[in-house]
Structure formats: C-alpha cells, structure tokens
Amino acid sequence: MASNSFRSQIHLGVIIILIIITLLTPITTYNTSPQPWNILSHDDFAGKLTTASSSIESAATDFGHVTKIFPSAVLNPSSVEDITDLLKLSYDSQPSFTLAARGHGHSHRGQASAKDGVVVNMRSMVNRDRGIKVSRTGLYADVDAAWLWIEVLNKTLELGLTPVSWTDYLYLTVGGTLSNAGISGQTFRYGPQITNVQEMDVITGKGESATCSKDMNSDLFFAALGGLGQFGIITRARIKLEVAPKRAKWFRFLYIDFSEFTRDQERLISETDGLDFLEGSVMLDRGPPDNWRSTYYPPSDHLRIVSMVKRRRVIYCLEVVKYYDETSQYTVNEEMEELGESLNFVKGFMYEKDVTYMDFLNRVRTGELSLKSKGQWDVPHPWLNLFVPKSQISKFDHGVFKGIILRNNITSGPVLVYPMNRNKWNDRMSAAIPEEDVFYAVGFLRSADFDDWEAYDRENMEILKFCEDANMRVIQYLPYHSSQEGWVRHFGPRWNIFLERKYKYDPKMILSPGQNIFQ
Ligand code: FAD
C-alpha cells in the first residue's frame with residue numbers, strides 16, 4: 001500500500017516535470033514554423049506527399065462517415081524509411097506537425113485523421129511480392145502492418161497455416177486492429193489479436209525505429225498493443241500461427257431468457273478445450289432475422305423466428321463454431337449433438353451450417369458486397385462498442401436492451417453480446433478492459449442515413465449515461481471521448497502509465513491526434 005502511494009507520487013512528479021518541459025518548448029521557438037505544406041518541395045518526399053483534393057478528401061473521412069477532418073497533406077510511403085524520415089522531420093521541427101497512420105480507414109469517429117497534419121496512407125506500402133514471410137517451423141508470420149487480415153489469411157492458408165485470433169470482418173489492417181485489440185468469437189479462447197503477436201517493428205514519435213517483443217524493448221511493445229496509435233507506427237508484426245482446420249460446424253441457438261443465454265455462454269467459455277468460436281447477439285422486431293452482417297437462417301424458418309421476436313420483443317442468439325478436419329470429422333457431429341443437449345435454448349430453434357474454414361472467417365464479406373452494390377456501405381455508422389463486466393450484464397439487459405432500445409425504437413442491425421475471459425488478456429498492454437474475470441463485448445453496429453445518424457448518436461449517449469449513473473464500470477471499445485476527462489476515466493488507474501508512455505515515446509504529441517486524447 002505504502003509503496004503504491006510512493007510510486008504514484010513519483011509518477012505525478014515525473015508527469016508534472018514533463019508537462020512543464022513540453023509546454024515551455026514550443027513557446028520559445030514558435031516563429032520558425034515549418035508546416036506540412038512547407039515540406040512538399042522536400043526532395044525526400046517528392047511524388048509521395050500530396051495535397052491533391054481527392055487524397056485529402058478521402059483521408060478526411062472514414063467508415064463512420066460522421067466526421068470530416070481535413071489533413072494538410074497525405075503521405076503515400078513506398079518504404080518504412082519514408083515514414084521514419086517524415087516522423088523525424090516533424091519531431092525536429094518547431095512546432096512539429098501531427099501525423100496519423102491510416103490503415104484501411106475503418107474507424108468510426110475520425111480516429112485515423114490528422115487535422116492540418118499529415119495522414120500516412122499505410123496501404124500504399126503494400127507490395128504483393130513481399131510483405132509477408134511465413135515460418136513453418138517457427139509457426140509465425142512476419143507481416144507488414146499495412147496488410148489486411150484477409151491477405152494474411154490467404155497467404156498463410158497456402159501453407160496450411162492460420163492465425164488463431166480474428167475480427168469478424170477481415171478487411172482491416174494488421175496495424176489498425178493491433179492499435180485497438182482485435183476481438184471476435186475466438187477471443188475467449190485465444191485472447192484478442194494483441195495477445196497473439198510475438199514481435200513488432202515500431203517507429204516512435206521521435207522518429208526512432210525499434211524492434212520490440214515481450215523480452216526486447218518490452219515497454220514499447222506493450223504500449224503499442226492496444227495503444228490507439230499513440231506511441232508509434234507499427235510497420236511489422238510477427239503473428240503466431242497454427243495448423244489451419246479445414247471446415248467449421250457453425251451453430252445458432254435462440255433464447256428468450258437472458259439469464260439462460262448468459263449462463264450457457266459463460267459455461268461454454270470456461271471450458272478450455274471446447275469450442276473454437278462463441279458469440280451472441282440480440283434480435284429485435286425489425287423484419288427478417290438476417291442482417292447485413294450475415295445471411296444465415298433458412299428462409300423457410302423466417303416466419304416462425306419473426307413471430308417469436310414479435311411476441312417476446314427481444315430474443316437472443318447464441319452462435320458457436322467447432323472447427324474440424326479429416327482427423328476429427330467423425331467425432332465432431334457427436335460433440336455438437338452433446339453440446340446442443342446441454343443448452344437451454346428454445347427447443348426447435350437450433351440451426352446448423354457446415355462451411356469451409358475460409359467461408360466462415362470471411363462471412364461478413366458477402367454482406368459488405370451486397371450493401372456496396374446497393375450504395376448502402378458508405379453511409380453513417382454511429383457505432384457504440386462496450387466492455388461490460390459480467391456482474392453488470394443483466395442490469396444492462398434490463399436497462400438497455402429491454403429499456404432504452406425498446407423505448408426509443410430506432411435501433412436496427414446487428415447488436416452483439418458475448419463474453420470473454422480476462423485471463424487471455426495482458427495487463428501490461430495499453431488496451432483498457434474491466435477488472436472482472438469475465439466481461440462482455442457489446443456492439444451496436446448501426447447503419448444510418450446522413451440526415452438521421454444523430455438520433456443514434458443520442459441513443460449512444462443515453463446508453464453511456466445509463467451505465468455511468470448505475471456505476472456499471474463499463475469501458476468503451478474502439479473508444480471515443482470528447483474530453484480528456486473522459487480518457488482519464490476510460491483508463492482509470494492505468495491513465496498515469498498511458499501518460500508516462502506518451503511522454504516517453506511521443507513527447508511532442510505528434511501521433512494519431514484523431515483519437516482526441518491529447519489536444
Ligand atoms: P484505421 O481506422 O485506419 O486506424 C485505426 C487507428 O489505428 C487510428 O488511430 C490509426 O492512426 C491507428 N493506426 C492504423 N494503422 C496503424 C499502424 N500501423 N501503427 C500504429 N497505429 C496505426 N474490430 C474488432 O476488434 N473486431 C471486429 O470484429 C471488428 N469488426 C469490424 C467490422 C467492420 C465492418 C468495421 C468497419 C470495423 C470493425 N472493427 C472490428 C473495428 C476495427 O478493428 C477498427 O476500426 C480498426 O481500427 C480498423 O482498422 P483499420 O486498419 O481500418 O484502422
């Protein structure tokens with residue numbers, strides 16, 4: 001206890017000194033002011049740094065389509081050195097200019113933007129002939145951080161190997177998801193993507209390159225994982241691999257009782273050698289049971305599912321998967337049958353599919369292409385993602401799913417709710433998670449129109465306020481906070497470490513300003 005308080009005092013002292021140094025430095029040198037547009041003529045960046053309106057416009061928006069934040073220029077690097085040089089230039093300038101790595105721009109609230117600074121278009125570095133090296137013996141892949149997970153999967157599958165931890169949607173960059181966490185139905189068993197990385201190359205906000213791992217420059221390694229782009233630009237990640245399964249038995253079970261639903265979910269994630277994937281979702285009275293994220297239910301069953309939703313107003317879907325291949329094809333059916341018998345879903349509402357491993361992992365792509373063909377992909381996405389401690393989840397069901405959501409009657413689209421085990425995460429990483437052993441990921445993945453997205457945003461605020469008033473200790477995932485107080489609350493006792501690391505690796509606050517943590 002005493003040593004904790006002594007350490008806090010030292011932290012505070014260090015932070016105050018660093019703040020004073022940072023505040024004083026720009027004041028004395030403010031007049032020599034190279035801005036990004038002044039470096040356009042810089043030979044090192046010829047042809048790579050652009051102010052073309054099409055580039056600026058596309059860097060100003062993201063998947064969320066609720067913000068427009070214009071950079072002064074966009075860097076299209078062709079090598080890691082281009083990024084290092086620009087970061088060094090910014091660091092050596094007085095004042096420096098801000099810089100944000102943009103992976104695939106699939107953030108929902110301007111997190112990859114850099115107002116009046118430079119957006120680094122990481123995807124311009126992708127070279128299909130290099131950028132991934134797979135070690136069969138070491139069971140890992142060294143991947144350029146600008147690669148999409150689907151590209152990583154395609155390459156590793158050529159050798160019969162695969163990463164183990166995924167996101168639901170694979171058209172996201174390695175660097176982008178490692179800056180958050182990378183969660184999906186595999187997280188309860190394998191941990192998030194950030195715990196399945198063995199080594200990284202990172203360029204810090206001082207323009208210094210470092211290779212880091214849990215044994216080498218470990219503080220930088222853990223800072224960058226889930227670090228919201230605040231400590232460095234990740235250029236390479238070594239991702240753990242396993243032998244790829246061939247196929248997936250993919251089941252859904254419908255529940256009307258939330259406590260039965262969560263009891264079954266929690267039991268299943270406590271079994272160490274059971275399922276390979278577990279998620280869950282909330283189904284509301286909004287037409288057909290499928291949504292853009294997946295087309296699953298047999299059309300012949302739509303009517304009776306819809307009528308159950310209409311009767312109950314809110315029902316729940318447990319979604320589980322067991323992978324298999326030649327060696328397990330004879331036992332998997334029996335195993336899944338036993339599983340079905342042990343669950344408390346509404347009898348008669350069990351669904352089963354048998355698909356290839358690739359089709360299962362890439363399941364959201366079909367929905368994306370269909371929305372794109374109808375012009376409904378590039379629309380506002382006022383998303384809200386939360387981590388809710390297990391002890392609060394039934395209060396959440398009562399107050400939010402059956403309270404706010406039913407009352408406002410505007411939410412449609414996927415609403416996810418599934419648990420994960422805290423012991424599969426690592427406290428040294430920057431990602432903020434609840435303290436309890438089990439916590440739930442809850443995601444409201446909304447699509448809106450340009451003239452009505454604010455209604456959803458207001459609903460998001462209402463949900464957050466409900467959680468705060470009820471002291472539920474809910475933490476946002478893919479977080480957005482409009483003030484620094486919000487960030488201090490977000491990180492809780494880990495805020496001091498986050499701040500110390502910021503002063504250590506990006507003392508001039510150059511990196512990822514769109515996260516809105518350090519104004
Ligand atoms: P960007 O949006 O480009 O960047 C995100 C942040 O990371 C920014 O702050 C940026 O500056 C920083 N950054 C980007 N690249 C680097 C780098 N190389 N080094 C350092 N910082 C960097 N997330 C999940 O966890 N699970 C899901 O199942 C899931 N599903 C999704 C489905 C869809 C349709 C969408 C749009 C998003 C989904 N997400 C999911 C969220 C997604 O993981 C994040 O939005 C992620 O940041 C997007 O990756 P990106 O490559 O587009 O990153």
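How far apart do the end C-alpha atoms of residues 67-244 lie, and what share of the span is helix and what share is strand?

**View 1. The span of residues 67-244 in the predicted model.** The C-alpha atoms at the two ends of this span are 39 Å apart. Helix makes up 21% of the span, and strand makes up 27%. In an unreviewed UniProt entry, residues 67-244 are listed as "domain: FAD-binding PCMH-type".

**View 2. Surroundings of the ligand.** The ligand is surrounded by 35 residues. The closest of them are Ala101, Gly103, Ser107, Thr173 and Tyr477. A polar backbone atom of Gly103 lies 2.6 Å from an oxygen atom of the ligand. For Gln111, a polar backbone atom is 2.9 Å from a ligand oxygen atom. Asn180 takes part through its side chain: an N or O atom there is 3.0 Å from an oxygen atom of the ligand.

**View 3. Gly105 in its loop.** Gly105 belongs to the loop that runs between strand S3 (99-102) and strand S4 (118-121). Is Gly105 buried or exposed? Its relative accessibility is 7%, and the cut-off for buried is under 20%, so Gly105 counts as buried. Leaving aside residues up to four places away in sequence, Gly105 touches Asp62 and Phe63. Ala60 is 45 residues from Gly105 along the chain, and the C-alpha atoms of Gly105 and Ala60 are separated by 9.5 Å.

**View 4. The two sides of helix H15.** Helix H15 covers residues 484-491, and its buried residues are Gly486, Trp487, His490 and Phe491. Seen down the axis of H15, these buried residues fall within an arc of 125°, so they line one face of the helix. The face turned away from the buried side carries the exposed residues Glu485 and Arg489. Among the elements that cover the buried residues of H15 are strand S18 (475-477) and helix H16 (495-505). Just after H15 comes Gly492, which has a positive phi of about 55°.

**View 5. Two buried cysteines, Cys317 and Cys467.** Cys317 has a relative accessibility of 1% and therefore counts as buried. Cys467 also counts as buried, because its relative accessibility is 4%. How many disulfides does a search of the whole structure find? The search finds zero. A disulfide is a covalent bond that joins the sulfur atoms of two cysteines.

Methods. Residues numbered from 1 in each chain as written. Predicted model: local features only at pLDDT ≥ 70, side-chain atom pairs only at ≥ 80, totals over all residues. Heavy atoms only, no water. UniProt positions renumbered as here; feature names shortened; annotations may be inferred. Helix = DSSP H or I, 4+ residues; strand = E, 2+ residues; numbered from the N terminus. Buried < 20%, exposed > 50% of the residue type's maximum accessible area, 1.4 Å probe, protein only. Arc of directions from axis to C-beta. Contact = heavy atoms within 4.5 Å. Disulfide = S-S within 2.5 Å. Near = heavy atom within 4 Å. Polar contact = N/O pair within 3.5 Å; in protein donor to acceptor, adjacent residues only side chain to side chain.
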